[in-house]
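Here are my notes on the fold, set out as numbered points. They deal with the sheets, the helix packing and one ion pair.

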Amino acid sequence: MPELPEVETTRRGIAPHVRNKRVTAIVLRQRQLRWPISDGLEAGLTNQIIHRVDRRGKYLLLSADTGTLIIHLGMSGSLRIVNTDQLAGKHDHVDIEFDGSKLLRFTDPRRFGCLLWQTESPLSHPLLRELGPEPLSAAFDGLYLHRRSLGRSAPIKAFIMDSHVVVGVGNIYANEALFMAGIAPHRAAGRIALARYVRLAECIKEVLARAIEVGGTTLRDFTNSQGEPGYFKQSLRVYGRAGEPCKQCGESLRETRLGQRSTVYCRYCQR
DNA sequence: ACTTCGACCTGTTGGC
DNA sequence: TGCCAACAGGTCGAAG
């Protein structure tokens, strides 16, 4: 469910309720996520104050003096701030309780998400160490993308969805950014000129930034930490619109599968 | 070093 | 209405 805008929306939503709060208890109902929740979590985080709530790519980082809780939401994960008297549902795997009457609840039906307790610097964790730059940072631009693309035959869509190239671009925003940039999703990454990469980098930044501004994209069930939907769905130009008219030229949008992911594009506007 | 594909899970949707 | 296959916002790790 979450790409970078949804994770950032979640971060902004939970931060005021989590930052500078003391963890009074942790309830683990299901340890078997993408990776099992390690035994060290309860001992390491209970009674600690969470000083920071950061994001690296699609990972959320909750930092205390004793270590950092690294959270990934996978495909179907979410974090909510709820009252302590809210009964836990079937997929409510973890509660982190704070002073007062609120708790942070991790829910994830498919269990592709993870909670990792890391006592070293979180950015040195094997899953984070090799990540590409943040798309909204100055380090990410057309020159960078072009340099990384040299010699690569993979489709451009798979290339920009590779978190070792750039973090945070998932299936929705990859489709949207390629439409905005006028690039066909199956084009080999290594056969795209620098000028087009400059445009693509701008489009990726724009689509992500605009999605963050309106609270992300709610397709079916994404909501922020307070249970409210995001409003970027109405701005989608290709994702979920296969067979509908292209907003630029009016021709019917095509759908195909690329790397097992649904891919929608305009065969006239994207080359 | 790069590309492709299976795997991990549950819930929803659409066709018959 | 029921059943079953296909698909869903991610991404790791094995195999080629």
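1. Helix H1 lies across strands E3 and E4 (59-64), and runs at about 175° to E3. The model is a predicted one, and every remark below should be read on that footing.

2. The sheet under this face of the helix is open and has four strands, ordered E3-E4-E5-E9, with antiparallel pairing. Its edges are E3 and E9 (114-118), each of which pairs on one side only. From one strand to the next the twist averages 20°. Within this sheet, E5 (residues 67-72) is joined to E9 by five bridges in the antiparallel sense. One pairing to check by eye is threonine 68, whose bridge partner in E9 is glutamine 118.

3. H1 also lies across a second group of strands, namely E1, E2, E6, E7 and E8 (102-107), and here the helix runs at about 35° to E6. H1 can thus be described against two sheets: across E3 and E4 in one, and across the five strands just listed in the other.

4. The second sheet is open as well, with five strands in the order E2-E1-E7-E8-E6 and antiparallel pairing. E2 and E6 (78-83) stand at its edges with a single partner strand each, so one side of each has no neighbour in the sheet.

5. Two pairings of E1 (residues 21-28) deserve a look. With E2 (residues 49-50), E1 pairs in the antiparallel sense over two bridges, and arginine 22 has isoleucine 49 of E2 as its bridge partner. With E7 (residues 92-98), E1 shares five bridges, again antiparallel; in that pairing alanine 25 stands opposite glutamate 97.

6. A salt bridge ties H1 to the four-stranded sheet. The side chains of arginine 55 and glutamate 8 meet at 2.8 Å, N to O. Arginine 55 belongs to E3 (residues 52-56) and glutamate 8 to H1 (residues 4-18), so the pair links distant parts of the chain, 47 residues apart. For the model as a whole, the count of salt bridges is 15.

7. Which residues of H1 and H7 make the contact between these two helices? Their axes come within 9 Å and cross at roughly 35°, and the crossing is right-handed. H1 contributes Leu4, Pro5, Glu8, Thr9 and Arg12, while H7 contributes Leu208, Ala211 and Ile212. By class the contact has five nonpolar residues, one polar and two charged. Glu8 thus appears in this helix contact and also in the salt bridge with arginine 55.

8. H7 (residues 194-213) packs against H6 (residues 171-181) at an angle of about 130°, with the axes 8 Å apart. The two helices are therefore oblique to each other. H6 passes H7 in a right-handed crossing. On the H6 side the contact is made by Tyr173, Glu176, Ala177, Leu178, Met180 and Ala181; on the H7 side it is made by Arg199, Leu200, Cys203, Ile204, Glu206, Val207, Leu208 and Ala211. These residues divide into 11 nonpolar, no polar and three charged. Leu208 and Ala211 of H7 are listed here and in the contact with H1.

9. The third helix contact of H7 in these notes is with H4 (residues 142-149), where the axes come within 7 Å and cross at roughly 125°. That makes H4 oblique to H7. Is the crossing left-handed or right-handed? The crossing of H4 and H7 is right-handed. Gly142, Leu143, Leu145, His146 and Ser149 of H4 meet Leu194, Tyr197, Val198, Leu200 and Ala201 of H7. The classes are seven nonpolar, three polar and no charged residues. Leu200 of H7 takes part in this contact and in the contact with H6.

How values were computed. Residues numbered from 1 in each chain as written. Chains lettered and ligands numbered in written order. Predicted model: local features only at pLDDT ≥ 70, side-chain atom pairs only at ≥ 80, totals over all residues. Heavy atoms only, no water. Pairing = 2+ DSSP bridges. Axes fitted to C-alpha atoms, helices over the stretch in contact; angles between N-to-C directions. Parallel < 35°, antiparallel > 145°, perpendicular 65-115°, else oblique. Left-handed = near helix turned anticlockwise from the far one by under 90°. Contact = heavy atoms within 4.5 Å. Nonpolar A, V, L, I, M, F, W, Y, C, P; charged D, E, K, R; others polar.
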